[in-house]
Amino acid sequence: NEKKNVIILFHVPPGQYFPGEPQTFWQEQYTQQYRDIIKKNREKVLLTTGAHIHFMDMRYEDDEEGNPFYYLLLAPSFSPEFGNNPGFTTLKVDDQ
């Protein structure tokens, strides 16, 4: 029984964006289902990463006891269109 860990990649991640008017990306029922799955499997999930908002951001959520169970790294835009400041993110994952 080899333990496997995962990194979850999204284009459009769960959560909200506040460019002026708040925007919720997923319907609440799907967001809650996702949170429940992540809570149940938190020891297997190394990181979740996404994009869509075109800005670098790091987010997390706490469980009912105040312990973080979900980390989300949002990648910046590759393109300067629409006034974006292009960038990229490089991650090194240790196989230990």
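**Rings and core: worked exercises**

In this predicted model, the charged end of Lys39 sits over the ring of Phe69, with 5.1 Å to the ring centre. Let's work outward from there.

**Exercise 1.** Find the cluster that Phe69 belongs to through ring pairs.

*Solution.* Start with the count: there are five aromatic pairs in the structure. Then follow the links, and you get a cluster of Phe10, Trp26, Tyr34, Phe69 and Tyr70.

**Exercise 2.** Classify the pair formed by Phe10 and Trp26: stacked, tilted or edge-to-face?

*Solution.* You need two numbers here, since a pair of aromatic rings is described by the distance of the centres and the angle of the planes. For Phe10 and Trp26 the centres are 5.5 Å apart and the planes meet at 70 degrees. Planes over 60 degrees apart count as edge-to-face, so this pair is edge-to-face. Now place the partners: Phe10 is in the loop between strand S1 (6–9) and strand S2 (16–17), while Trp26 is in the loop between strand S3 (23–24) and helix H1 (28–40). With their positions 16 residues apart, the pair links distant parts of the chain.

**Exercise 3.** Decide whether Phe10 is buried or exposed, then work out which element gives the largest share of the largest nonpolar core.

*Solution.* Phe10 has 18% relative accessibility, so this residue counts as buried. Phe10 is also one of the 10 residues of the largest nonpolar core, which includes Tyr34, Phe69 and Tyr70. Next, look for elements giving two or more residues to this core: these are H1 and strand S6 (68–74). S6 takes the largest share, with four residues.

Notes: Residues are numbered from 1 along each chain as its sequence is written. This is a predicted model: local features need pLDDT of at least 70, side-chain atom pairs count only at pLDDT 80 or more; totals for chains, interfaces and linings use all residues. Side-chain values use heavy atoms; hydrogens and water are left out. Rings of Phe, Tyr and Trp (its six-membered ring) pair if their centres lie within 6.5 Å; planes under 30 degrees apart count as stacked, over 60 as edge-to-face and the rest as tilted. Buried means under 20% relative accessible area, exposed over 50%, partly exposed in between (1.4 Å probe, protein chains only). A charge sits over a ring if NZ of Lys or CZ of Arg is within 6 Å of the ring centre and within 35 degrees of the ring normal. A nonpolar core is a set of buried Ala, Val, Leu, Ile, Met, Phe, Trp, Tyr and Cys residues joined through side-chain atoms within 4.5 Å.
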